[in-house]
Amino acid sequence: MILVTGGAGFIGSNLHAALVAAGQDVIISDWLGHEGRKWRNFYSHPPATVLRPEELDAFLEHDMRLTAIVHLGAISATTATDADLVWHTNFTLSQKLWTWCAARRVRFIYASSAATYGDGSAGFDDDMSPEYLRKLRPLNLYGWSKHAFDMWVAQQDHEHAHMPPNWAGVKFFNVYGPNEYHKGKMISVVKVKHDEVKAGGPARLFKSDRPDIPDGEQKRDFIYIDDVVAGLQFLLNAPQLSGIYNLGTGIARSYADLARAVCAANGVEERIEFIDMPENLRGQYQSFTAAKMDRLRGIGFNHEFHTLEQGVTAYIQNHLLQPDPYR
């Protein structure tokens, strides 16, 4: 039996669909909310058990059936400002689940983030040595909280502390796909550009805040949700596991490329307009990301990723243009 925290969210609900399809018993820990959207992520694959996060401690105190925890629950907004709440949610809870898994010999997989790499000046190498991790400078509170837990985990490993028997930290890059509709301002650029184009307007992109990068040529490693789920399923089934791993395609593509792919998938003429970047994002905006994938490939993950065009087309035509866009 697998526990997925944050299981009603974007990545969690897609993982749940895949695990249920594979015949796996899954317990979800999350709030379904009142806004009428998040529960729809489970519409086609209702969970057998949903625990509210405040019930998790009592459950873990008595339940011994778990074989793995996939910890995806977090405050993931890059604009978050409540540092105490972010720390408690993204660090303290992660530490508690790590310790529980170590004591009970349960596999532990947790979500880190490409936001830990900051502006990329130290590279995008999922080297988990404390020396390398100390070089990273996240650009926002969210990235820093994820980085802080990575550093704590790396120190446990360095000191040969009591650890889960198999564990992985997963640095997700820019994920897009179905079931992200509840995310508000944190929804993917693909969905935002689709909505603009479908409404008859241009795809609007932020102007570059760096003089060495032309408008629209900011680049990210965009990864389709199906590829992320494939990576998580691989990690759940890998015989031996111990480390922090990037999960991206390994290829950086420009926002202009993304806008063109969105226009093509909608069957409309390409129209791109550049607008000023909001003040609160300047200096906190990653203008380039690209996952170094050697470590995950090195332990046997030979999955073939969607190209940006393939992923955008699959998302838009199989979901966003359908009466029911959910998975």
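What covers the buried residues of α6? The cover includes β7 (174-176), β8 (203-206), α8 and α10. The buried residues in question, in helix α6 (residues 189-198), are Val190, Lys191, Lys193, His194, Glu196 and Val197. Here "buried" means under 20% relative accessible area, "exposed" means over 50%, and "partly exposed" is in between (1.4 Å probe, protein chains only). Helices (H or I, at least four residues) and strands (E, at least two) are DSSP runs, numbered from the N terminus. After α6 comes glycine 200, with a positive phi near 95°.

A quick word on the ground rules. The model is predicted, so local features need pLDDT of at least 70 and side-chain atom pairs count only at pLDDT 80 or more, while totals for chains, interfaces and linings use all residues. Residues are numbered from 1 along each chain as its sequence is written, and side-chain values use heavy atoms, with hydrogens and water left out.

Two of the helices named above, α8 and α10, also pack against each other. Helix α8 (residues 255-265) meets helix α10 (residues 308-320) at an angle of about 45°, and their axes are 9 Å apart. That angle is why α8 counts as oblique to α10. For the record, axes are lines fitted to C-alpha atoms, for helices over the stretch in contact, and angles run from 0 to 180 degrees between N-to-C directions. Angles under 35 degrees count as roughly parallel, over 145 as roughly antiparallel, 65 to 115 as roughly perpendicular, and the rest as oblique. The α8 and α10 crossing is right-handed, a label used if the near helix is turned clockwise from the far one by less than a right angle (anticlockwise would be left-handed). On the α8 side, the meeting residues are Asp257, Leu258, Ala261, Val262 and Ala265, and they face Leu308, Glu309, Val312, Thr313, Ile316 and Gln317 in α10. Contact means heavy atoms within 4.5 Å. Sorted by type, the residues of this contact come out as seven nonpolar, two polar and two charged. In that sorting, Ala, Val, Leu, Ile, Met, Phe, Trp, Tyr, Cys and Pro count as nonpolar, Asp, Glu, Lys and Arg as charged, and the others, Gly among them, as polar.

Helix α8 is also home to alanine 256. With 6% relative accessibility, alanine 256 counts as buried. Not counting residues up to four places away in sequence, alanine 256 touches Leu205, Gly216, Glu217 and Ile272. Phenylalanine 206 is 50 residues from alanine 256 along the chain, yet their C-alpha atoms are separated by 10 Å.

Phenylalanine 206 turns up again around methionine 277, which lies in the loop between β13 (272-275) and α9 (294-298). Methionine 277 is buried, with a relative accessible area of 5%. Leaving aside neighbours within four places in sequence, methionine 277 is in contact with Phe206, Lys207, Asp209, Arg282 and Tyr285. The C-alpha atoms of methionine 277 and aspartate 209 are separated by 7.2 Å, with their places 68 residues apart along the chain.

A second helix pair is α1 and α7. Helix α1 (residues 10-21) packs with α7 at an angle of about 65°, their axes 10 Å apart. This crossing is right-handed. Phe10, Ile11, Asn14, Leu15, Ala18 and Leu19 of α1 make the contact with Ile225, Val228, Val229, Leu232, Gln233 and Leu236 of α7. The tally is ten nonpolar, two polar and no charged residues.

Next comes the largest nonpolar core, where 94 residues belong and Phe172 and Leu247 touch the most other members. Helix α7 (residues 225-237) gives the most to this core, with eight residues. Such a core is a set of buried Ala, Val, Leu, Ile, Met, Phe, Trp, Tyr and Cys residues joined through side-chain atoms within 4.5 Å. Beyond four places in sequence, leucine 247 touches residues including Phe172, Val228, Gly231 and Phe305.

Alanine 168 sits in strand β6 and, at 0% relative accessibility, counts as buried. Its contacts beyond four places in sequence include Phe108, Tyr110, Leu235 and Tyr245.

Finally, two loop residues have an unusual backbone angle. Most residues other than glycine have a negative phi. Arginine 105, however, has a positive phi near 60°, in the loop between α3 (83-104) and β5 (107-113). Histidine 160 has a positive phi of about 55°, in the loop between α5 (141-158) and β6 (167-172). Arginine 105 is partly exposed at 49% relative accessibility, whereas histidine 160 is exposed, at 73%.
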